[in-house]
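Colleague: Please take a close look at one part of this protein and talk me through it. Keep it brisk, and start with the terms I need.

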Amino acid sequence: MKNLVRKINNKLLLFTLLGVFVGIVFFAGTEGAINATDTPEFCASCHVYEQTITNFENSNHAALNCNDCHAPTDSKIAKYTFKGINAISHGYATTFGASSLPDVIHATDKSKEVIEKNCISCHEPSLQNVAHDSKDSCISCHRQVPHNKGDFKPSEWHEPGNFHFNR
């Protein structure tokens, strides 16, 4: 009887250690795969984004990953949930609706909300120096900045009185 208990305990210990090892490998693999899908290289693997990625690589935000701006950054659960929903949507659109995709894809209202929050999170110190009350969101004026050379200015920018700077 004592040998049977010892044998069961050894099997239980072996299965427990094996389960922990598999869990660590699964977690590390999943985390690595999720991080790989944040990169511009992954996004560029879809032909729809080729020009966008080229412009992004020449922008002043080129050191960032796509999801530093395009996914929530306040928690991993929020980020992974958002990425999962977008992955299903993008995968479906590029697989079954590729022929009807526009050359330029515009952010949804939910994406705009996330992008706005991330703009403010990164640029909060500079927001103290400039009044940003003339438009309703960052991307109303700065839409082209991350995906271009940062030299885009909307036509209103050049008209006197439309932008107010703190002095």
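Modeller: A helix here is a DSSP run of type H or I with at least four residues, a strand is a run of type E with at least two, and both are numbered from the N terminus. Keep in mind that this is a predicted model. From the N terminus on, the elements run α-α-α-α-α-α-α. That gives seven helices and zero strands. Of the 167 residues, 19% count as buried.

The part I pick is helix α5. It covers residues 76-96. How many residues does α5 have, and how far does it reach? It has 21 residues and spans 29 Å from its first C-alpha to its last. That is close to the 30 Å expected at 1.5 Å a residue.

Now look at its sides. Which residues of α5 are buried? They are Lys-79, Phe-82 and Lys-83. Look down the axis of α5: the buried residues fall within an arc of 100°, so they line one face of the helix. On the other side, Ile-77, Ile-85, Ile-88, Tyr-92, Thr-95 and Phe-96 are exposed. Gly-84 also sits in α5. Gly-84 has 29% relative accessibility, so it counts as partly exposed: the cut-offs are under 20% for buried and over 50% for exposed. Its C-alpha is 9.8 Å from that of Ile-34, although the two are 50 residues apart along the chain.

Move on to the start of α5. Lys-76 makes a salt bridge with Glu-31, with 2.7 Å between the closest N and O atoms. What counts as a salt bridge? It is a side-chain nitrogen of Lys or Arg within 4 Å of a carboxyl oxygen of Asp or Glu, so the 2.7 Å of this pair passes. Glu-31 belongs to helix α1, residues 2-36, and the two partners are 45 residues apart, so this bridge links distant parts of the chain. Are the partners buried or exposed? Glu-31 is buried, because its relative accessible area of 17% is under the 20% cut-off. Lys-76 has a relative accessible area of 48%, so it is partly exposed.

By the same rule, the count comes to five salt bridges. One of them lies just before α5. Lys-117 and Asp-74 meet there, with 3.1 Å from N to O. Asp-74 lies in the loop between α4 (66-70) and α5, while Lys-117 lies in helix α6 (109-127), so the pair ties together parts that are 43 residues apart in sequence. Both of these residues are exposed.

Next, a local bridge for contrast. Lys-110 and Glu-113 form a salt bridge, with the closest N and O atoms 3.4 Å apart. Both lie in α6, three residues apart, which is about one turn of the helix. Lys-110 is partly exposed, at 45% relative accessibility. Then back to α5: Asp-38, Lys-79 and Lys-83 are joined into one network by salt bridges that share partners. You met Lys-79 and Lys-83 before, among the buried residues of α5.

Finish at the far end of α5. The structure holds one aromatic pair. The rings of Tyr-92 and Phe-96 have centres 5.2 Å apart and planes at 45°, so the pair is tilted. Why tilted? Planes under 30 degrees apart would count as stacked and over 60 as edge-to-face, so 45° falls to the rest. Tyr-92 and Phe-96 are four residues apart in α5, about one helical turn. Tyr-92 counts as exposed at 56% relative accessibility. Phe-96 counts as exposed too, at 64%.

One last stop is away from α5. In helix α1 you find Leu-18. Leu-18 is partly exposed, with 47% relative accessibility. With Phe-15, Phe-21, Val-22 and Val-25, Leu-18 forms a nonpolar patch on the surface. Together the five have about 520 Å² of accessible area.

Technical notes. Residues numbered from 1 in each chain as written. Predicted model: local features only at pLDDT ≥ 70, side-chain atom pairs only at ≥ 80, totals over all residues. Heavy atoms only, no water. Buried < 20%, exposed > 50% of the residue type's maximum accessible area, 1.4 Å probe, protein only. Patch = residues over 30% accessible without salt bridge, like charges linked within 9 Å, V, L, I, M, F, W, Y side chains within 5 Å. Areas by Shrake-Rupley, 256 points an atom, 1.4 Å probe, with all protein chains shown as cover. Phe/Tyr/Trp six-rings, centres within 6.5 Å; stacked < 30°, edge-to-face > 60°. Expected span 1.5 Å × (residues − 1). Arc of directions from axis to C-beta.
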